[in-house]
Amino acid sequence: MNSLKTLAALSAMAISLGAAAEGYVPSPQVVESQKEFSADRFGIFIHWGIYSMFGQGEWYLNYGPKADEYAKAAKGFYPIDFNADEWAEAFKDAGAGYVTFTSRHHDGFSMFDTEASDYNIVDATPFRRDILKELSDALREKGLDLHLYYSHLDWTRPDYPWGRTGHTTGRDSTKADWNSYYKFMNTQLTELLTNYGPIRAIWFDGWWDHDEDSIPFNWHLPEQYALIHSLQPGCLVANNHHQTPFEGEDIQIFERDLPGENTAGLSGQSVSRLPLETCNTMNGMWGYKVTDTDYKDVATLVRYLVRAAGMGANLLLNIGPQPNGELPAAALDRLKGMGEWLRANGETIYGTLPGPFAPQDWGCSTRKDNKVWIHVTNATTPDITLPAPLKVKSAVSYADRSPVKVSKSADGPVLHLGSVPSDIDYIVELEVK
Ligand code: GLC
């Protein structure tokens with residue numbers, strides 16, 4: 001009887017311990033970072049590595065070259081025009097709040113000074129400058145936060161266990177050694193979170209390399225996430241695995257699609273209650289590609305940012321710097337246009353919550369306190385019905401404060417704009433009860 005009782009008590013304890021271990025509770029520092037992150041609404045993604053020299057995008061190594069031949073590009077990597085202050089200024093002027101930089105992409109080349117491998121910007125190139133250090137200092141100076149992209153997969157290191165990509169780079173698949181590779185990653189993450197000041201997020205990518213394994217691959221994420229939080233308690237953990245967020249993650253990422261949409265085929269996952277971020281390109285590829293010159297125009301990019309805000313998501317907009325270290329002129333032009341728009345209208349985007357109804361074909365809404373901003377980006381009629389039972393106290397055009405006529409309908413208030421707006425975004429500011 002007694003021993004049975006003990007057994008029952010022990011198993012009850014085991015159950016409650018299990019539950020405690022499972023229930024990840026973000027620390028107050030994480031919660032604070034989540035708030036700051038969401039308030040920013042706009043970040044810049046940078047995909048830069050020695051792949052820029054081939055001008056074929058960041059996946060080039062996966063499409064033919066042997067890793068040792070590819071690595072020879074490092075010896076010629078001397079981005080003479082790289083100027084971290086100029087980059088930081090362009091990002092700040094564009095109205096971005098943070099920058100996500102590729103510290104190490106799938107090709108395994110580290111764009112920072114690392115003891116864990118010689119295949120890095122300082123030891124393997126004639127440039128010998130720690131690009132990440134210069135960038136982190138420049139961004140901090142401008143008040144921009146730094147996030148770090150970090151590839152979970154590696155097409156170069158023999159110890160990385162083969163996944164479904166990178167089979168032609170000449171790696172010996174029999175040399176896989178997970179313990180060695182995991183240690184390597186954690187050493188690098190420790191360096192990244194120790195030597196470059198506050199890092200607001202680690203942005204993992206590559207989990208999907210093992211999503212077709214017959215035996216589920218164990219990435220040992222909980223321990224890695226715990227390491228991150230132990231080194232910088234406010235650092236957000238993000239993972240571009242295209243799944244509903246895992247335990248221990250602090251934001252949810254979408255690639256090339258707004259939350260809940262799936263035009264690119266990477267985003268079937270449900271939308272969580274975590275802070276959201278959608279990353280997308282200005283042209284087609286992430287890393288610099290010589291033939292990739294078809295850039296979205298400023299209006300398209302602004303509207304995408306606005307729609308993201310209308311869903312409560314950030315836009316992480318990518319640039320692939322040239323091998324000489326300059327940002328492409330077309331990208332700078334888009335940044336300038338977005339900055340102009342945000343200087344005039346940023347109040348309706350930064351620090352806002354999604355408005356009282358889901359985005360519609362004609363546009364979307366954002367809100368803060370008792371203000372609701374109606375963003376008319378794609379109207380076909382001058383009369384816009386708002387599908388929410390809003391009690392409108394006043395309605396004015398955001399641009400010139402002229403009054404906007406409002407009538408009532410069964411679905412909600414109707415705005416009468418007089419004519420179909422042709423603006424990038426015709427904003428109506430409502431004061432609601
Ligand atoms: C993908 C690609 C990668 C890119 C990333 C950005 O996962 O593998 O090249 O860095 O998306 O979202």
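## Two domains and a ligand

Tutor: Let's start at the ligand: one of its oxygen atoms sits 3.5 Å from an N or O atom in the side chain of Y149. Keep in mind that this is a predicted model.

Student: OK, and what is the distance between an oxygen atom of the ligand and an N or O atom in the side chain of E255?

Tutor: E255 is one of the 14 residues around the ligand, and it's listed among those that come nearest. A pair of N or O atoms has to be within 3.5 Å to count as a polar contact. For E255 and the ligand oxygen, the distance is 2.8 Å.

Student: Which residues around the ligand come nearest?

Tutor: Y149 has a polar side-chain atom 3.5 Å from a ligand oxygen, and N240 also has one at 3.5 Å. Neither Y149 nor N240 is in the nearest group, though. Of the 14 residues around the ligand, that group is H47, E58, W59, H105 and E255.

Student: Now the whole chain. How far apart are the C-alpha centres of domain 1 and domain 2?

Tutor: The domain assignment gives domain 1 as 4–350 and domain 2 as 355–432. They do touch: 15 residues from domain 1 and 18 residues from domain 2 take part in the contact. Their C-alpha centres lie apart by 36 Å.

Student: In domain 1, which residues lose the most area to domain 2?

Tutor: The area buried between the two domains is about 1300 Å², with carbon and sulfur atoms giving 58% of it. On the domain 1 side, three residues together make up 42% of what that side buries. They are R303, E347 and T348.

Student: Which residue forms a salt bridge with E347?

Tutor: Side chains of opposite charge can pair when their charged atoms come close. Across the interface of domain 1 and domain 2 there is one salt bridge, along with eight residue pairs in polar contact. In E347's pair the closest N and O atoms are 3.9 Å apart, and the partner is K371.

Student: Which helix gives the most to the side of domain 1 that touches domain 2?

Tutor: That side divides into nine nonpolar, three polar and three charged residues. Two elements give two or more residues to it, helix 8 (298–310) and helix 9 (329–345). With seven residues, the one that gives the most is helix 8.

Student: How many residues apart are K142 and E89?

Tutor: The model has 17 salt bridges by the rule used, and K142 with E89 is one, at 3.9 Å from N to O. K142 is in the loop between helix 5 (131–141) and strand 3 (145–151), while E89 belongs to helix 4. Along the chain, the gap is 53 residues.

Note on methods:
Residues are numbered from 1 along each chain as its sequence is written. This is a predicted model: local features need pLDDT of at least 70, side-chain atom pairs count only at pLDDT 80 or more; totals for chains, interfaces and linings use all residues. Side-chain values use heavy atoms; hydrogens and water are left out. Domain bounds come from an automatic or database domain assignment. Contact means heavy atoms within 4.5 Å. Buried area is the accessible area (1.4 Å probe) that two parts lose on being put together, summed over both. A salt bridge is a side-chain nitrogen of Lys or Arg within 4 Å of a carboxyl oxygen of Asp or Glu. A polar contact is a pair of N or O atoms within 3.5 Å; within protein, one must be able to donate a hydrogen and the other to accept it, and residues adjacent in sequence count only if both atoms are side-chain atoms. Helices (H or I, at least four residues) and strands (E, at least two) are DSSP runs, numbered from the N terminus. Ala, Val, Leu, Ile, Met, Phe, Trp, Tyr, Cys and Pro count as nonpolar, Asp, Glu, Lys and Arg as charged, and the others, Gly among them, as polar. A residue is near a molecule or strand if one of its heavy atoms lies within 4 Å of it.
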